[in-house]
Amino acid sequence: MTSLIYVLNGPNLNLLGSREPEIYGAGTLDDLETLCAETAEGLGLAIDFRQTNLEGELITWVQEARSKAAAIVINPAGYSHTSIALMDALLSVELPVIEVHISNVHAREKFRHHSYVSRAAQGVICGLGFAGYRLALIALSDILEEDQ
Ligand code: DQA
């Protein structure tokens, strides 16, 4: 059966393409979804790609993934640095989780250097632009294969 990966995006990522393009690039959220869908198809995976500006909705989707998905790729955006509740949800989900940031958060303001979500992530990718999502899907494909 094809493994389903939830690809979850947090606040303000709907603005990709117009939001601080010098940091996040010119690509839009639709472009990012296309990249993820094409990558997943090549790996024999299926994705459910979503974005929300609401912390509670992100947490509900993580809880839902528990019964519906094989793994999670998440860019929690600003909630990375603030949300203990999102970290708790990811810790309870018992699925492989990879955290992705488009920008190199460690080369930016100090408040971006810490992510609560990283405690719940098997791996963290940052600073590689949209390619970070592609690499996260490749890593999950390997992890899921090893688990079989
Ligand atoms: C981000 C980095 C976060 O610090 C920021 O709040 C975002 C996007 C990234 O993808 O680089 O919204 O997660």
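I take exposed to mean over 50% relative accessible area, buried under 20%, and partly exposed in between, with a 1.4 Å probe and protein chains only.

**Setting up.** I am reading a predicted model, where local features need pLDDT of at least 70, side-chain atom pairs count only at pLDDT 80 or more, and totals for chains, interfaces and linings use all residues. I number residues from 1 along each chain as its sequence is written, and side-chain values use heavy atoms, with hydrogens and water left out.

**Gly 42.** I looked up Gly 42 and found it in helix α2, residues 29-43. Helices here are DSSP runs of H or I with at least four residues, strands are runs of E with at least two, and both are numbered from the N terminus. Gly 42 counts as exposed because its relative accessibility is 67%. From Gly 42 to Ile 74 I noted 32 residues in sequence and 20 Å in space, C-alpha to C-alpha.

**Glu 146.** I then went to helix α5, residues 131-147, which holds Glu 146. Its relative accessible area is 65%, so I entered Glu 146 as exposed. Ser 18 is 128 residues from Glu 146 in sequence, and their C-alpha atoms are 39 Å apart.

**Thr 52.** Is Thr 52 buried or exposed? I entered Thr 52 as buried, because its relative accessible area is 3%. Thr 52 belongs to the loop between β2 (46-51) and α3 (55-68). I checked its side chain for polar contacts, meaning pairs of N or O atoms within 3.5 Å; within protein, one must be able to donate a hydrogen and the other to accept it, and residues adjacent in sequence count only if both atoms are side-chain atoms. The side chain of Thr 52 has such a contact with the side chain of Glu 57, at 2.7 Å. A polar atom of the Thr 52 side chain is also 2.9 Å from the backbone nitrogen of Leu 54.

**The ligand.** Which residues surround the ligand? I listed Arg 19, Tyr 24, Asn 75, Ala 77, Gly 78, His 81, His 101, Ile 102, Ser 103, Val 105 and Arg 112, a residue being near if one of its heavy atoms lies within 4 Å. I also noted distances from ligand oxygen atoms: 2.6 Å to a side-chain N or O atom of Ser 103, 2.7 Å to a polar backbone atom of Ile 102, and 3.2 Å to a backbone N or O atom of Gly 78.
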